[in-house]
Amino acid sequence: MSKRIAILGAGISGIAAGSFLARDGYEVQIIEKNKDIGGRCRQFSDRGFHFDMGPSWYWMPDVFERYFNQFGADVNELLDLRRLDPSYRVFFEDGPLDIPANFDELKTLFDSLESGAGDKLASFLAEAEKKYKISMADLVFRPSLSALEFVNWNVLKSLFSMDLFQSFETHTKKYFKNPKLLQLMEFPILFLGATAKSTPALYSLMNYADIKLGTWYPMGGMYELIRAMRQVAEEQGVKFVTDSEIHSFDFRQKEMTSANNGTAKYNADAFIAAMDYRHMDRLLGHESNYKEDYWDKRKLAPSSLLFYLGINKKIDGLEHHNLFFDTDFGLHAHEIYHDPKWPTSPLFYVCCPSKTDPSVAPVDHENLFLLMPIAPGLEDSEELREEYYQLMIKRLESQLGTSIKEHVIVKHSYCKKDFEADYHAFKGNAYGLANVLTQTAILKPRMKHKKIKNLYYTGQLTVPGPGMPPSLISGEIVAELIKKETH
Ligand SMILES: Cc1cc2nc3c(=O)[nH]c(=O)nc-3n(C[C@H](O)[C@H](O)[C@H](O)COP(=O)(O)OP(=O)(O)OC[C@H]3O[C@@H](n4cnc5c(N)ncnc54)[C@H](O)[C@@H]3O)c2cc1C
């Protein structure tokens with residue numbers, strides 16, 4: 001008899017978990033609070049503009065390829081993927097710098113900023129490639145429920161070659177001195193939600209992902225990934241229920257028997273919480289896996305202030321991805337991680353997908369997405385949003401030498417309160433927990449409830465961590481765990 005699985009939350013991790021289980025004969029229902037599936041990777045449209053709401057960097061294409069292959073599908077048939085070149089543009093105080101996709105061109109650029117830096121980049125990346133490959137082969141695909149999973153000679157050998165106890169900052173400074181190069185190397189770990197000082201050098205594997213594996217974009221927008229995932233999930237037999245928020249549960253002895261939305265009860269033999277982990281803990285009340293003081297001590301990745309803008313003209317000077325590093329990098333990081341407050345002089349990121357994809361904006365218009373990272377848990381108000389909107393637009397206008405403000409015909413903001421309302425995000429976090437050593441592998445919130453035998457967790461707050469590729473992998477790991485424990 002096939003076993004019934006109820007998955008609570010239809011983000012990337014929930015859809016991935018459901019697809020693997022349905023493929024292997026389980027009867028799977030995914031129950032989602034919002035009207036649309038996709039979680040943080042949703043899309044909305046307004047007056048001919050199509051805005052991706054969260055992710056915009058399609059990195060680690062190998063992970064997506066591997067995912068779809070396991071269902072007999074080809075990612076290149078499902079998605080029209082384009083490698084971006086330049087990968088991105090960085091605005092420093094003295095002007096913009098393009099990061100070419102071609103490695104030889106990138107080496108030349110590094111040499112022009114610091115003599116010999118091109119060869120150093122090659123050796124930095126050779127080392128980063130080893131970390132990436134070892135990590136994918138030996139470390140990442142583990143539920144990390146016990147340290148014993150890592151007690152195996154090959155794995156231990158791998159762990160020792162991973163630079164766990166050296167900081168990313170110390171590591172990069174061994175190779176580069178030029179401040180621009182150091183910032184370029186540090187930028188990918190901003191995704192991981194911690195400073196270079198507190199991130200283990202292990203994560204130089206992100207530089208390999210950035211530079212060697214490349215920055216890609218699915219034509220139509222990131223939501224095309226969700227459409228493809230949905231198609232594959234439904235082909236395996238997954239059933240989606242949307243607009244159905246889970247509020248409570250029924251139990252028999254040490255087992256969960258149903259998840260309830262107030263009117264309907266979803267019965268199953270096993271449950272996967274694919275929603276924000278801490279929200280699930282709140283719903284569980286006395287049965288929570290972790291208490292409030294545990295959550296209060298977690299280091300969260302940042303929240304963000306976002307603007308989705310429709311512009312009624314083309315804007316010269318922008319690429320698809322644009323990083324505004326034209327102010328003090330260290331100060332903004334300090335105001336996110338050490339002295340949480342709205343930033344004095346923020347760095348921000350502008351995505352302009354209409355540079356690559358005409359379908360996301362009307363003809364001769366531009367689609368802009370502005371993202372400014374902020375500390376989680378800050379006060380959020382319309383006044384604060386507007387203050388930083390004005391600041392970012394002014395900086396954009398002055399860097400690009402063109403007017404933008406009076407060309408904005410569609411404007412939506414999104415910040416901490418929206419993350420909380422839409423996803424029940426703890427402190428309005430955007431990307432889950434920071435990837436610091438004390439929150440890595442077995443030190444992350446567990447994939448399995450300690451007492452409720454048939455309750456599992458997946459998603460960016462458990463292993464392996466935040467980002468679309470790790471969330472896909474998280475879904476696969478939890479599915480494997482359930483298969484092992486229910487057969
Ligand atoms: C602004 C932003 C930019 C990002 N940029 C990138 C990027 O460029 N590249 C990248 O790789 N990653 C990026 N990320 C991270 C990436 O989007 C996430 O790590 C990933 O999508 C998380 O997937 P998930 O399944 O863990 O969680 P979610 O996407 O949060 O899914 C959880 C789902 O659970 C639902 N839910 C919550 N409570 C309930 C309930 N009670 N009942 C039923 N359902 C419930 C939610 O509505 C949601 O749909 C970004 C994230 C954000 C927010």
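A residue is termed buried if 20 or more other C-beta atoms lie within 10 Å of its own, exposed if 12 or fewer, and partly exposed in between, with C-beta atoms placed from the backbone. Helices (H or I, at least four residues) and strands (E, at least two) are DSSP runs numbered from the N terminus. The model is predicted: local features need pLDDT of at least 70, side-chain atom pairs count only at pLDDT 80 or more, and totals for chains, interfaces and linings use all residues. Residue numbers start from 1 along each chain as its sequence is written.

Strand E14 (303–311) is largely enclosed by the rest of the structure, because nine of its nine residues are buried. Ser303, Leu305, Phe307, Leu309 and Ile311 point one way from E14, while Ser304, Leu306, Tyr308 and Gly310 point the other way. Strands pair if DSSP finds at least two bridges between them. E14 runs antiparallel to E17 (residues 366–374), joined by nine bridges, and Tyr308 stands opposite Phe369 in E17. Six bridges join E14 to E18 (residues 408–414), also antiparallel, with Leu306 opposite Tyr414 in E18.

E14 also supplies at least two residues of the shell around the ligand, as do helices H1 (12–23) and H16 (468–486). H1 gives the largest share, three residues. In total, 36 residues surround the ligand (C-beta atom, placed from the backbone, within 6 Å of it); the closest are Gly9, Gly11, Gly39, Pro55 and Gly459.
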